[in-house]
Amino acid sequence: MSADTDLVAIAVCGIDELPTVGAAKADIYGQAMAIVHTEDGEVYAIDDICSHQNVSLSEGELDGCRLECWLHGSRFDVRTGDALNLPATEPVATFPVTIEDGVVYVSVPAALIPESE
């Protein structure tokens, strides 16, 4: 994400609603995201769609900080969005995450939020 993009923090879920280790899908104003809870307790948000093919990454397996696309085995670093192996060559977007009072907030571009909000 560009540093000059206006971001808005959106409450997505409670930390207790996430798997202890793994990913859950969230839809934030039409943007599908994988909310990833790693075994070290960190939470990350990345684009839920594999950059190689239109497949949900939140359905894949998590190994450390690497989320694997279940279809062709591409892995993505959930901290950076980088594609770590073929067939994916392009990264996926990442989104800043904060946790306050047990609530997971994901910061998204203000442009995603409808005018009526």
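How many salt bridges does the count come to? The count comes to five salt bridges, and several of them are stops on this tour. The model is predicted.

**Stop 1: the annotated span**

Begin by selecting residues 10-106, which an unreviewed UniProt entry lists as "domain: Rieske". The C-alpha atoms at the two ends of this span lie 5 Å apart. Its content is 0% helix and 43% strand, and the tour therefore turns to strands, numbered from the N terminus.

**Stop 2: strand 3 and its partners**

Select residues 31-37, which make up strand 3. Seven of the seven residues are buried, so the strand is largely enclosed by the rest of the structure. Colouring alternate residues shows that both faces are covered. Q31, M33, I35 and H37 lie on one side, and A32, A34 and V36 on the other.

Add residues 22-28, strand 2, which runs antiparallel to strand 3 and is joined to it by seven bridges. Within this pairing, D27 stands opposite A32. Two residues separate the strands in the hairpin, where Y29 takes a positive phi near 50°.

Next add strand 4, residues 43-47, which pairs with strand 3 in the antiparallel sense over five bridges. Here V43 is the bridge partner of H37. The hairpin of strand 3 and strand 4 has five residues between the strands, and G41 takes a positive phi near 90° there.

**Stop 3: the nonpolar cores**

In soluble globular proteins, nonpolar side chains tend to be buried together. In this model, the largest nonpolar core has 16 residues. Select V36, I46, L57, L67, F76 and V78, the residues with the most contacts inside this core. Strand 3 and strand 4 each supply at least two residues of the core.

Centre the view on V36. Which residues is V36 in contact with, leaving aside its neighbours within four places in sequence? They are G22, A23, E42, V43, Y44, L62, L67 and V78. Apart from this core lies another, of 14 residues, among them I28, I35, A45 and I113.

**Stop 4: the loop at P19**

Move to P19, in the loop between strand 1 (7-14) and strand 2. This proline is partly exposed, with a relative accessible area of 28%. Not counting residues up to four places away in sequence, P19 touches A24 and H37. A distance drawn from the C-alpha of P19 to that of I35 reads 9.7 Å, with the two residues 16 apart in sequence.

**Stop 5: the cysteines**

Display the cysteine sulfurs; the structure holds zero disulfides. Why is C50 not bonded to C69? The C69 sulfur is the closest cysteine sulfur to that of C50, yet at 3.9 Å it is too far for a bond, given that a disulfide requires sulfur atoms within 2.5 Å. C50 counts as buried, at 5% relative accessibility. C65 is in no disulfide either, and its nearest cysteine sulfur, that of C13, is 18 Å away. C65 also counts as buried, at 13% relative accessibility.

**Stop 6: a salt bridge between distant parts of the chain**

Select D48 and K25, which form a salt bridge with their closest N and O atoms 4.0 Å apart. D48 sits in the loop between strand 4 and strand 5, whereas K25 belongs to strand 2, 23 residues apart. Is each partner buried or exposed? D48 counts as buried at 0% relative accessibility, while K25 counts as exposed at 55%.

**Stop 7: the sheet of strands 5, 6 and 7**

Finally, show the open sheet in which three strands lie in the order 5-6-7 with antiparallel pairing. Strand 5 (62-63) and strand 7 (75-77) are the edge strands, each pairing on one side only. Strand 6 (residues 66-68) is joined to strand 7 by three bridges, and the bridge partner of L67 is F76. Both L67 and F76 appeared at Stop 3, among the residues with the most contacts in the largest core.

Now display the charged side chains. D63 and R66 meet in a salt bridge at 3.2 Å, N to O. D63 is partly exposed at 40% relative accessibility, and R66 is partly exposed at 33%. D63 also forms a salt bridge with R75, the closest N and O atoms being 3.9 Å apart. Because R75 lies in strand 7 and D63 in strand 5, this pair ties together parts twelve residues apart in sequence. R75 counts as partly exposed, at 29% relative accessibility. To close the tour, select D63, R66, E68 and R75 together: salt bridges that share partners join them into one network.

How values were computed: Residues are numbered from 1 along each chain as its sequence is written. This is a predicted model: local features need pLDDT of at least 70, side-chain atom pairs count only at pLDDT 80 or more; totals for chains, interfaces and linings use all residues. Side-chain values use heavy atoms; hydrogens and water are left out. Buried means under 20% relative accessible area, exposed over 50%, partly exposed in between (1.4 Å probe, protein chains only). Helices (H or I, at least four residues) and strands (E, at least two) are DSSP runs, numbered from the N terminus. Two strands pair if DSSP finds at least two bridges between them. UniProt positions are given in the numbering used here, feature names are shortened, and annotations may be inferred rather than shown by experiment. A nonpolar core is a set of buried Ala, Val, Leu, Ile, Met, Phe, Trp, Tyr and Cys residues joined through side-chain atoms within 4.5 Å. Contact means heavy atoms within 4.5 Å.
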